[in-house]
Amino acid sequence: MATLQSRNGKWRAIVRRKGHTTQSRTFPTKTAAKTWADRIEREMADMEARGGTPGESTTIGELIDWRIDTLGSVKAVTKTHTGNLTRLREGLGEIVARRLTSTEIIEYTRRRVQGEHMMANGLIIPACSPATMNVELGYLSELLKLAAPLKGVKLTSDPVAEARPVLRLLRLVGKSKRRDRRPTDDELQQLRQLFAAAAWRSQIPMVDIIDFAILTAKREGEITRLLWSDLDAKTRTALLRDAKHPRQKSGNHKRFPLLGEAWEIVQRQPQRDGEDRIFPYNTSSVGTAFTRACIRLAIQNLHFHDLRHEATSRLFEQGYDIPEVAAVTLHESWNELKRYTQLRPESLHRPLPEESTE
């Protein structure tokens, strides 16, 4: 018997049947929820009548919806995770999960890496790197492993594991390459001039955000969620809530110093009624503005995240030691911190101490 629950203006349908995994989904209307629940109940009854097993006709797309809609409250789905699952749905969503083969995975991966994958709306997804595909297939493998005990979708073998040796041989998957890109002084000057000239028609203070990123080593998503109420004027520090951590996804709050002109940059931001964020802008809009500016200026292979590399490297070049730099970047270990450190050889020259004349 299906159960319909109303919450926050939406309707959630829950279907429970002995011998089957409980299924649920949320809909904007009660009619849609009931229609879906009736269909699921009929499919369960039909499967029992022909001696089938639960999950035998579940598609990859349905598993992805289940992972996001149902399991999302138990194991959070990040923005990156959602993006990868969305691309998997576009490429493999119509395939029945139990019939997924390593050959289909290899062909899908080839299309993705070579930029030949087309979405349902006819748009071509840009080519991705082997490292990106490695992560995407990891999410697919995890999805199939969760679906076996929780959804009754049991595969006779692991198609992702079977495909990996071939994918590595064809260099369609691989580890991410360490980036060592730092913006030059000339590139930063060009970006500042471009954004300053367009400041009159843009709400986002990109010059301040770029300079703040270089002074604090913070990502665009971290900058746009800093709060006025988390500033400490006495110590000139700010609190970063939910700092990125490989295991602790929430509650990892850390305080960091606002060095150099970072405090002045914060103080000149306008405060708005009812808005506690210092930089109350959409994270994606910040990244998009930076990317478009680089394209317009013909600056090659520069990402906003590279400003974090620039910030970390500058701190070392200014003479700060590892614990001091980590107090700004909020890295947990030297192994993580050194990935963001690309020192310029010329910066290592130190003036020799003057000889005593006494």
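**Exercise 1. Which residue in β3 stands opposite Trp11?** Then describe the sheet around the pair.

*Solution.* The model is predicted, so local features need pLDDT of at least 70, side-chain atom pairs count only at pLDDT 80 or more, and totals for chains, interfaces and linings use all residues. Residues are numbered from 1 along each chain as its sequence is written, and side-chain values use heavy atoms, leaving out hydrogens and water.

Step 1. Find the partner. Phe27 in β3 stands opposite Trp11. Strands here are DSSP runs of E, at least two residues long; helices are runs of H or I, at least four residues; both are numbered from the N terminus.

Step 2. Check the pairing. Two strands pair if DSSP finds at least two bridges between them. Strand β2 (residues 10–15) is joined to β3 by five bridges, and the two run antiparallel.

Step 3. Order the strands. The open sheet has three, in the order β1-β2-β3, with antiparallel pairing. β1 (2–7) and β3 (23–27) each have a single partner strand, so one side of each lacks a neighbour in the sheet.

Step 4. Add the helix. Helix α1 (residues 30–49) lies across β1, β2 and β3. It runs at about 10° to β2. Axes are lines fitted to C-alpha atoms, for helices over the stretch in contact; angles run from 0 to 180 degrees between N-to-C directions.

**Exercise 2. Describe how α12 and α13 pack.**

*Solution.*

Step 1. Compare the axes. Those of α12 and helix α13 (residues 322–329) come within 10 Å and cross at roughly 150°. Therefore α12 is roughly antiparallel to α13. Angles under 35 degrees count as roughly parallel, over 145 as roughly antiparallel, 65 to 115 as roughly perpendicular and the rest as oblique.

Step 2. List the contacts (heavy atoms within 4.5 Å). Arg308, Thr312, Leu315 and Phe316 in α12 meet Ile322, Val325, Val328 and Thr329 in α13.

**Exercise 3. Is Asp306 buried or exposed?** Place Glu324 on the scale too.

*Solution.*

Step 1. Set the scale. Buried means under 20% relative accessible area, exposed over 50%, partly exposed in between (1.4 Å probe, protein chains only).

Step 2. Place Asp306. It sits in helix α12 (residues 306–317). Its relative accessible area is 1%, so Asp306 is buried. Beyond neighbours within four places in sequence, Asp306 contacts Arg179, Arg181, Pro183 and Asn301.

Step 3. Place Glu324. This residue is in helix α13. Its relative accessibility is 39%, so Glu324 counts as partly exposed. Glu324 and Pro257 lie 67 residues apart in sequence, and 10.0 Å apart in space, C-alpha to C-alpha.
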